[in-house]
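The following paragraphs lead through the structure shown below. They begin with ionic pairs and continue to aromatic groupings, nonpolar surface and core.

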Amino acid sequence: MKEKLIRFMQGRYGVLDAFGKFLLISGLVLVFLVSILFRDNVFGLILYFLGWVCLIYSYIRMLSRNVRKCYDENVKFLNKTAKIRGFFGRQKNLMAQRKDYHIYTCPGCKQKIRIPRGKGKIEIRCPKCGTTFIKKS
């Protein structure tokens, strides 16, 4: 049985990449939300159908033998969502740093300055414009 599955998947894309994950998750969310919220109207039926289309297409991509096309679709998706993913990555990084540092904004040039916590009241000099200001760390 295992050998049959290996032979079946040989030469297929078989990867749940970023675009495939997006399709799978959005399809599941649409199907479940529509089944809970929009049961009896035409709008709900359209969203329910769209959710199933996303789910089916994600599985078609995984079982596809056209590896290059699936790879290109994933690259296009990653290029289109790069700004959004970068924003959330930066926010995650800032939240991780807030445990150990205070992050202040320079009143002169709006540069962000990272100061270690627990140093008391200190004078901060902006490395970009040279403005000095006093803040508690």
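Across the whole of this structure, a search finds 3 salt bridges; the model is a predicted one. In one of them, the side chains of Arg61 and Asp17 meet at 3.1 Å, N to O. Arg61 belongs to helix 3 (residues 42-62) and Asp17 to the loop between helix 1 and helix 2, so this pair ties together parts that are 44 residues apart in sequence. With a relative accessible area of 2%, Arg61 falls under the 20% limit and is therefore buried. Asp17 has a relative accessible area of 8% and is likewise buried.

Arg61 also meets the side chain of Glu73 in a salt bridge, with an N to O distance of 2.7 Å. Because Glu73 lies in helix 4 and Arg61 in helix 3, the pair ties together parts that are 12 residues apart in sequence. Both Glu73 and Arg61 are buried. Asp17, Arg61 and Glu73 are thus linked in a network of salt bridges.

The salt bridge between Asp72 and Arg68 has its closest N and O atoms 3.6 Å apart. Both residues lie in helix 4, and their separation of 4 residues is about one turn of the helix. Asp72 has a relative accessible area of 30% and is partly exposed, whereas Arg68, at 56%, is exposed.

Aromatic side chains provide a further set of links, with a count of 3 aromatic pairs. Phe22 and Phe77 form a tilted pair, 5.2 Å from centre to centre and with 35° between the planes. Phe22 is located in helix 2 and Phe77 in helix 4 (residues 67-80), so the pair ties together parts that are 55 residues apart in sequence. The relative accessible area of Phe22 is 44%, which makes this residue partly exposed; Phe77, at 16%, is buried. Phe87 and Phe88 form an edge-to-face pair, with 5.3 Å between centres and 75° between planes. Phe87 counts as partly exposed at 40% relative accessibility, and Phe88 is exposed at 54%. Phe19, Phe22 and Phe77 together form one aromatic cluster.

Attention now turns to the surface. Ile25, Val29, Leu33, Ile36, Leu37, Phe38 and Phe43 make a nonpolar surface patch of about 680 Å². Helix 2 (residues 18-37) gives the most to this patch, contributing 5 residues. Leu33 lies in that helix and, at 43% relative accessibility, counts as partly exposed. Helix 1 (residues 2-9) is hardly covered, as the count of buried residues among its 8 residues is 0. Gly11, which follows helix 1, has a positive phi near 85°.

In soluble globular proteins, nonpolar side chains tend to be buried together. Here, the largest nonpolar core consists of 7 residues: Tyr104, Cys106, Ile113, Ile115, Ile124, Cys126 and Phe133. Setting aside residues up to four places away in sequence, Cys126 touches Cys106, Cys109, Gln111, Ile113 and Thr131.

Lys135 is placed in strand 4 (residues 132-136) and is partly exposed, with a relative accessible area of 35%. Neighbours within four places in sequence aside, Lys135 is in contact with Tyr104, Gly120, Lys121, Ile122 and Ile124. Of these contacts, Tyr104 and Ile124 are members of the largest nonpolar core. The C-alpha atoms of Lys135 and Leu78 are 41 Å apart in space, with the two positions 57 residues apart in sequence.

Note on methods:
Residues numbered from 1 in each chain as written. Predicted model: local features only at pLDDT ≥ 70, side-chain atom pairs only at ≥ 80, totals over all residues. Heavy atoms only, no water. Buried < 20%, exposed > 50% of the residue type's maximum accessible area, 1.4 Å probe, protein only. Helix = DSSP H or I, 4+ residues; strand = E, 2+ residues; numbered from the N terminus. Core = buried A, V, L, I, M, F, W, Y, C linked by side-chain atoms within 4.5 Å. Contact = heavy atoms within 4.5 Å. Patch = residues over 30% accessible without salt bridge, like charges linked within 9 Å, V, L, I, M, F, W, Y side chains within 5 Å. Areas by Shrake-Rupley, 256 points an atom, 1.4 Å probe, with all protein chains shown as cover. Salt bridge = Lys/Arg side-chain N within 4 Å of Asp/Glu carboxyl O. Phe/Tyr/Trp six-rings, centres within 6.5 Å; stacked < 30°, edge-to-face > 60°.
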